[in-house]
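Got your viewer open? Here's a short walk through one protein, stop by stop, with a note on what to select each time.

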Amino acid sequence: MEKEKVITKICDGGLVAVIRAETSEQAKKITEACIAGGVTAIELTFTVPGAHEIISDLAKLYSPEEILLGAGTVLDPETARIAILSGAQYVVSPCLNRNTVKLCNRYRIPIMPGAMTIKEVVEGMEAGADIIKIFPGELFGPAFVKAIKGPLPQARIMPTGGVSVDNVGEWIKAGCVAVGVGGNITAGAKTGDYQSITDKAKQFVEAIRLARL
């Protein structure tokens, strides 16, 4: 899928489910549950052992039309390249690494580095980032995004951390193009309750829809 279409799909869906699965089978079950709940993008973090193999397995099972596969916690260009070759359609980092951004732009893969200050947001945009990940979101809250959008209305912002069903509408109304959500969606996987993942995903999708009205 073309880079611009990937970015558009992420923004249109408004929700990226962050997955920290222990096995490929668990990742597949979480992905299935997310799809059933209306999620259009997932982010598999590289804190998971063998993450690139799990991404590769998922890429063989699902088309981009079904779900966008992203790689998270990517700290360097070497990891980014492995993720891309494994089938990742976008890359997410907790902080800005210019060489990672450069590599992703070389292969036309959307890149979302993390930022904690407005200076870091500007630096990420200048480096060529497609979306800026506000991380950790729980330290700031939606008011921080609103403050950023004042001087930087052109910034595309996605918070990760601290986003819940109760406050996701506030994040969207503050100007976020999407939100990243981990345990608040996927917690049920620890006990094998995948239906709860689907149910929670539906709640997030509906809350985002209502916030955009």
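What radius of gyration would a compact globule with 213 residues have, and what does the protein have? For that chain length the compact-globule figure is near 17 Å, and the protein comes in at 16 Å, which agrees. Keep in mind as you look around that this is a predicted model.

**Stop 1: the whole chain**

Start with everything in cartoon view. You'll be looking at 10 helices and nine strands. Turn the C-alpha trace along its principal axes and the spans are about 45 × 35 × 30 Å. Now colour by burial: buried residues account for 52% of the 213.

Switch on a surface next. The accessible area is about 9300 Å², with 53% of that belonging to carbon and sulfur atoms. If you show contacts between residues at least 6 apart in sequence, 60% of them join residues at least 24 apart.

**Stop 2: the charges**

Select the charged side chains. There are 23 positive and 23 negative ones, and the centres of the two sets lie 4 Å apart. How many salt bridges are there? The count comes to five, and the next stops visit some of them.

**Stop 3: R108 and its partners**

Select E2 and R108 and show their side chains. They meet in a salt bridge, with N to O at 3.4 Å. E2 sits in the segment before α1 (3-13), while R108 is in the loop between α5 (98-106) and β5 (111-112), so this pair ties together parts that are 106 residues apart in sequence.

Add E4 to the selection. R108 forms a salt bridge with E4 too, at 2.7 Å from N to O. Here again distant parts of the chain are linked: E4 belongs to helix α1 and R108 to the loop between α5 and β5, 104 residues apart.

Are these side chains buried, exposed or in between? E2 is partly exposed at 47% relative accessible area, E4 is partly exposed at 44%, and R108 is partly exposed as well, at 39%.

**Stop 4: a pair within helix α6**

Now move to helix α6, residues 118-127, and pick out K119 and E123. The two make a salt bridge whose closest N and O atoms are 2.5 Å apart. They are four residues apart, about one turn of the helix. K119 is exposed, with 55% relative accessible area, whereas E123 counts as partly exposed at 23%.

Before leaving the salt bridges, bring the earlier trio back on screen: E2, E4 and R108 are joined into one network by salt bridges that share partners.

**Stop 5: E43**

Last, select E43, which you'll find in strand β2 (residues 41-45). Which side chain of opposite charge is nearest to E43? That's K133, 4.4 Å away. Salt bridges here need the charged atoms within 4 Å, and E43 has none, even though E43 is buried.

To see what surrounds E43, show its contacts, leaving out residues up to four places away in sequence. The residues touched include V16, A17, V18 and I19, then G70, A71, G72 and T73. Y90, V92 and K133 are also among the residues that E43 touches.

Note on methods
Residues are numbered from 1 along each chain as its sequence is written. This is a predicted model: local features need pLDDT of at least 70, side-chain atom pairs count only at pLDDT 80 or more; totals for chains, interfaces and linings use all residues. Side-chain values use heavy atoms; hydrogens and water are left out. Helices (H or I, at least four residues) and strands (E, at least two) are DSSP runs, numbered from the N terminus. Buried means under 20% relative accessible area, exposed over 50%, partly exposed in between (1.4 Å probe, protein chains only). The radius of gyration is taken over C-alpha atoms; the globule rule is 2.2 Å times the number of residues to the power 0.38. Contact means heavy atoms within 4.5 Å. Accessible areas come from the Shrake-Rupley method with a 1.4 Å probe; for residues, only the protein chains shown count as cover. Lys and Arg count as positive and Asp and Glu as negative; His and the chain ends are not counted. The place of a charge is taken as NZ of Lys, CZ of Arg, CG of Asp or CD of Glu.
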